[in-house]
Amino acid sequence: MKTIYLDNGATTMADPKVIEAMKPYFDDKFGNASSTHHKGQEAKMALEEARETIAKSIGARYDEIIFTSGGTESNNFAVKGIAFANKSKGNHIITTKIEHDCILNACKWLETQGFKVTYLDVDKEGFVDPKQVEKAITKQTILVSVIHGNNEIGTIQDIRAIGEVCRKKEIIFHTDACQSYTKTLLDVKKQSLDLVTINSHKIHGPKGVGALYVRKGTKITPLNHGGGHEFALRSGTENVSGIVGFAKAVKIAGSSHIKQMTKMRDYLFENVLKIPDTAVNGSTGDRRLCNNANFSFKYVEGESIGAYLDAKGICSSTGSACSSHTLEPSHVLMALGMDAEDAHGSLRLSISRFTTKEEIDKLIEVLPGIISKLRKMSPLAKSDTKDSADSGGW
Ligand SMILES: Cc1ncc(COP(=O)(O)O)c(C=O)c1O
């Protein structure tokens, strides 16, 4: 059975060209980028070239890019690093209810360390109102952190407007752009960003590598102390092969891929929404990530849909990969004002530039039957839904 991978929000397949670019840094060019001999300098050159590529892709300077082990580390570094470096100024942080767990849990931990955190509400499509951000700012506020493209519902925040508010109020602004990087505009100057989290494995690069953009002059305390790597902000021998792969993935990503994924996403929406009692979770059009679709199917559980799809070789997800081991309804969907029952009936389908129309057609062929079968078994379903259900071969 051929796998149809529709869980690219969790992670993506490494592009074969990325793997090719990484290979020499495992064998021939294995040097430590801190060594002064030629093997070290060879690695150092590759590291700095990658830094330039990534910096350029978001309108930053090369010395504003700090390589990390991924999105979780970059987000922890941003939130905790700013909190501790700026605590003489204040102890208040503003974030939202729809952040990734690594922001939410870092903030919760900071609350145990004497910091106060405001978790902003979002509207029913998942948007944060920049005016609410402004209203929440107090004399004690030192940081605003708002996710750019949401990992579950695809909503793309107006980070330019939020950035303007923060710049006007002289508050440091961080955005978690793991899902949006290379999929929509991300420009540190145009969007007034002070800190940006990005990672590699969401864009067909290797896992375990990411970066934090830190605007020049931003006061931040390192999490890792050691030999002073990464401008003394993140000690530890750099993952040169991973970083080279990350930069290669950035170079490959292009606007034609955005167009292609948008077309495929819209085809997916158009067809899945033909299933009765199905709703879209999150935003629509340009204000949604080009690779993300998220639906709620009434009277059924997303987990069961996922299991049936998996049996047909189709990978999907309910909520984010990191929290799918809990039985709690998604905090993101609950923040949209959904009830727990509808939130449990949600399914995320996330595509990539490698997703084909044939794969989506296959999904569309099997999904209505799965939903209908599950509704027949569901104690929650209305009897007319059960009667009219067409099991589509299941
Ligand atoms: C929005 C967002 N932030 C952070 C992360 C964590 O990134 P990583 O898996 O690189 O630690 C993810 C990935 O799941 C994500 O989607």
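Two strands pair if DSSP finds at least two bridges between them. Keep that in mind for the close-ups below, which come from a predicted model.

**View 1. Strand E10 pairs with strand E12.** Here 5 bridges join E10 to strand E12 (residues 346–350), and the two run antiparallel. Want a pair to look for? Phe-295 stands opposite Leu-347 in E12.

**View 2. Strand E9 also pairs with E10.** Now look at strand E9, residues 278–280. It is joined to E10 by 3 bridges, again with the strands running antiparallel. Thr-278 has Phe-297 as its bridge partner in E10.

**View 3. Strand E10 is wrapped up by the rest of the structure.** How many of the residues of strand E10 are buried? The count is 6 of the 6, in residues 292–297, so this strand is largely enclosed by the rest of the structure. Follow the side chains along E10: Asn-292, Asn-294 and Ser-296 point one way, while Ala-293, Phe-295 and Phe-297 point the other way. Whichever way they point, all of them are buried.

**View 4. A shell of residues surrounds the ligand.** There are 15 residues around the ligand, and Gly-71, Thr-72, Asp-176, Gln-179 and Lys-202 come nearest. Sort the shell by type and you get 4 nonpolar, 9 polar and 2 charged residues. Which helix gives the most to this shell? That's helix H3 (residues 71–85), with 3 residues.

**View 5. Polar side-chain atoms sit by oxygen atoms of the ligand.** Zoom in on Asn-199, where a polar side-chain atom lies 2.8 Å from an oxygen atom of the ligand. For His-201, an N or O atom in the side chain is 2.9 Å from a ligand oxygen. His-100 joins in too, with a polar side-chain atom 3.3 Å from an oxygen atom of the ligand. As for cover, the ligand on its own has 390 Å² of accessible area, and the protein covers 89% of that.

**View 6. Cysteines without a disulfide.** A disulfide is a covalent bond between the sulfur atoms of two cysteines. How many disulfides does the structure hold? The tally is 0. Why does Cys-102 have no bond to Cys-178? The sulfur of Cys-178 is the closest cysteine sulfur to that of Cys-102, but at 6.9 Å it is too far for a bond. Cys-290 is in no disulfide either, with the nearest cysteine sulfur, again that of Cys-178, 15 Å away. Buried or exposed? Cys-102 is buried, with a relative accessible area of 10%, and Cys-290 is buried as well, at 4%.

Methods:
Residues numbered from 1 in each chain as written. Predicted model: local features only at pLDDT ≥ 70, side-chain atom pairs only at ≥ 80, totals over all residues. Heavy atoms only, no water. Disulfide = S-S within 2.5 Å. Buried < 20%, exposed > 50% of the residue type's maximum accessible area, 1.4 Å probe, protein only. Near = heavy atom within 4 Å. Polar contact = N/O pair within 3.5 Å; in protein donor to acceptor, adjacent residues only side chain to side chain. Areas by Shrake-Rupley, 256 points an atom, 1.4 Å probe, with all protein chains shown as cover. Helix = DSSP H or I, 4+ residues; strand = E, 2+ residues; numbered from the N terminus. Nonpolar A, V, L, I, M, F, W, Y, C, P; charged D, E, K, R; others polar.
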